[in-house]
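Me: I've got a structure here and I'd like to go through it with you, one question at a time. Can you take a look?

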Amino acid sequence: MSLIVVKQRENKPFRVDNKDQKFRRFYVDWWKIKRSTIYGLIAACVVIGLLGCGGWWLWKNRESIQKGETPKNAAVISSFEGDVRIIRASTREVIRVTQTTYVAAGDTIQTQADGKTQLQMIDGSTLTIKPNSTVIVRDNTSILGGTNVKVSLGGGQINVKTEDQSGESQNIVEVKQVESKISAQTEANFGVNAKTDGGEIRISRGSVETSVNGEKIVIKDNEYASIAPNGKVLPKEKSLDAPKLIAPPTLEQIFVSDAGNTAMTLRWQKTDNLPTAYYRVEVATSPFFVAESMVIEKEPLVTPNLTLAKITAGGYFWRVRSVASSGQISEWSEPWKFTIATREPGGAMALSDLKAENIGGNVYVVSGKTNPGTVVRILGRETFAVGDGSFRMQVSAPSTEIGIEANDEHGSRTRYSLNLSNGKSSRIN
């Protein structure tokens with residue numbers, strides 16, 4: 001490639017009509033420039049332009065970034081507990097949730113055995129992700145006066161609650177290649193059975209419309225449908241109610257006079273809205289019923305009760321679910337708590353070995369020891385001290401100083417103050 005460059009050269013002046021005049025002549029020089037050099041200059045200009053645009057965007061959005069505000073078209077994690085993680089689609093970075101944050105389209109949310117979280121979607125709906133679940137947010141956008149929300153359940157269980165929706169809006173849950181469009185004012189549970197590799201849809205109120213291979217089925221309130229591993233929606237049936245627990249009442253404390261053990265009976269209401277084949281009961285030392293905390297796993301039970309023999313001192317959680325003759329499995333009952341304690345009523349309480357571990361931001365795991373069965377309250381949350389008197393709780397602390405309160409059913413109360421920065425504790429009363 002050749003480039004013509006025009007130069008001007010000045011001649012010596014000469015006199016015409018007694019006036020000094022300067023005449024300029026123009027000459028042409030030829031410079032040879034490689035084509036790769038031109039392309040390189042263009043590429044450099046493009047890179048500089050992109051860097052400039054990126055710097056401008058960062059400057060314009062610096063306040064939003066510093067404040068951690070939610071990007072446009074992102075869902076918000078409004079609450080969480082336990083181990084919850086996000087895999088960012090853009091970077092594949094794994095983030096452990098320690099504070100309110102956002103989830104963008106394409107991101108994956110994973111809850112561990114003790115994890116649970118709640119998301120606010122762009123259409124005002126609420127998505128609750130239960131323990132041991134994996135969910136991908138496929139879409140969460142607002143367009144043309146409506147909203148598009150779509151999530152895919154890979155494993156575990158979720159609950160979806162929708163509010164009023166415009167005609168242009170849609171909220172879709174995908175389970176085993178089956179897409180379910182959720183109507184306005186609907187509450188629905190979706191699950192994947194790890195044993196059968198099938199799915200399930202349970203409607204508490206409202207309705208959903210499922211679609212697979214062009215076939216559509218409407219599932220209404222108090223109805224249930226299972227999904228075969230091949231993605232086929234099986235015939236609907238009435239939804240099986242979860243059992244209602246009766247005794248011992250939640251938070252009941254049962255004292256024994258020695259350090260031995262005692263016997264007690266768990267009772268619940270018989271499920272009668274569908275023919276019930278049997279019940280399953282679980283007793284654990286953790287409200288999350290993780291494997292290492294399990295004490296009793298009992299099935300099949302044909303009667304609505306279970307006697308526990310030789311149960312030792314400690315704090316326990318229990319729950320029950322029904323299995324219908326058709327094979328449908330109900331939701332778990334809400335877990336209740338009870339305590340077996342050897343401490344004599346009126347005995348002194350104390351808190352010891354108080355520790356606080358920071359796991360990110362203002363989130364701490366507080367642990368310590370007291371008498372077995374004691375109710376420990378921190379920042380509005382509570383837990384039980386288990387058989388060896390230990391307790392452990394995750395909290396979000398607004399300051400570096402927190403109060404810890406221990407109570408029993410006889411009104412005995414002990415309060416401590418714990419400094420999260422240096423780990424020092426002191427008894428208040």
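Me: In β19, which residue is the bridge partner of Glu209?

Reply: Bear in mind that this is a predicted model. Strand β18 covers residues 207-212, and it pairs with strand β19 (residues 215-220) in the antiparallel sense over six bridges. In β19, Glu209 has as its bridge partner Val218.

Me: And in the hairpin of β18 and β19, which residue takes a positive phi?

Reply: That hairpin has two residues between its strands. The one with a positive phi, near 55°, is Asn213.

Me: β18 also pairs with β15, I think. Which residue of β18 does Ser180 stand opposite?

Reply: Strand β15 spans residues 178-182 and pairs with β18 over four bridges, in the antiparallel sense. Ser180 is the residue to follow here, and the β18 residue it stands opposite is Thr210.

Me: Just ahead of that, there's Gln177 in a loop. Is Gln177 buried or exposed?

Reply: Gln177 sits in the loop between β14 (170-175) and β15. Its phi is near 65°, which is a positive value in a residue other than glycine. The cut-off for exposed is over 50% relative accessible area. Gln177 has 58% relative accessibility, so it counts as exposed.

Me: Lys310 has a positive phi too. What is its relative accessible area?

Reply: Lys310 lies in strand β27, and its phi is near 55° although it isn't a glycine. Lys310 is exposed, because its relative accessible area is 65%.

Me: Which strands are at the edges of the three-stranded sheet that holds β27?

Reply: That sheet is open, with the order β22-β24-β27 and antiparallel pairing. An edge strand here pairs on one side only. The two that do this are β22 (245-247) and β27 (305-312).

Me: How much are neighbouring strands of that sheet turned against each other on average?

Reply: For the sheet with the order β22-β24-β27, direction is ignored when the turn is worked out. The average between neighbouring strands is 30°.

Me: Which residue in β27 is the bridge partner of Asn261?

Reply: Strand β24 takes in residues 261-268 and runs antiparallel to β27, with six bridges joining them. Asn261 belongs to that β24 range. Its bridge partner in β27 is Thr312.

Me: Now the sheet of five strands. Why is one side of β33 and of β37 left without a neighbour in the sheet?

Reply: The sheet is open and antiparallel, in the order β33-β32-β35-β36-β37. β33 (381-384) and β37 (425-427) stand at its edges, so one side of each has no neighbour there, as each has a single partner strand.

Me: What does the twist average from one strand to the next in that sheet?

Reply: We're still with the order β33-β32-β35-β36-β37. From one strand to the next, the average twist is 25°.

Me: Inside that sheet, which residue in β35 is the bridge partner of Ile378?

Reply: Strand β32 (residues 375-378) and strand β35 (residues 401-407) run antiparallel and are joined by four bridges. Ile378 is part of the β32 range. In β35, its bridge partner is Ile404.

Me: On to Asn140. Which residue's backbone nitrogen lies 3.1 Å from a polar atom of its side chain?

Reply: Asn140 is in strand β12 (residues 133-143). Asn140 has 0% relative accessibility, so it counts as buried. The backbone nitrogen that lies 3.1 Å from a polar atom of the Asn140 side chain is that of Ile122.

Me: Is Ile86 buried or exposed?

Reply: You'll find Ile86 in strand β6 (residues 84-87). The cut-off for buried is under 20% relative accessible area. Ile86 comes out at 0%, so it counts as buried.

Me: What's the area of the nonpolar surface patch that includes Leu50?

Reply: Leu50 is in helix α1 (residues 35-60) and is exposed, with a relative accessible area of 59%. Together with Tyr39, Ile42 and Val46 it makes a nonpolar surface patch of about 430 Å².

Me: Last one: the peptide bond from Glu299 to Pro300 is cis, so to speak, but what is omega near?

Reply: Pro300 has its place in strand β26 (residues 294-301). Another cis bond runs from Ala247 to Pro248, with omega near -5°, and Pro248 lies in the loop between β22 and β23 (252-255). For the bond from Glu299 to Pro300, omega is near -5°.

Technical notes. Residues numbered from 1 in each chain as written. Predicted model: local features only at pLDDT ≥ 70, side-chain atom pairs only at ≥ 80, totals over all residues. Heavy atoms only, no water. Pairing = 2+ DSSP bridges. Axes fitted to C-alpha atoms, helices over the stretch in contact; angles between N-to-C directions. Patch = residues over 30% accessible without salt bridge, like charges linked within 9 Å, V, L, I, M, F, W, Y side chains within 5 Å. Areas by Shrake-Rupley, 256 points an atom, 1.4 Å probe, with all protein chains shown as cover. Salt bridge = Lys/Arg side-chain N within 4 Å of Asp/Glu carboxyl O. Buried < 20%, exposed > 50% of the residue type's maximum accessible area, 1.4 Å probe, protein only. Polar contact = N/O pair within 3.5 Å; in protein donor to acceptor, adjacent residues only side chain to side chain.
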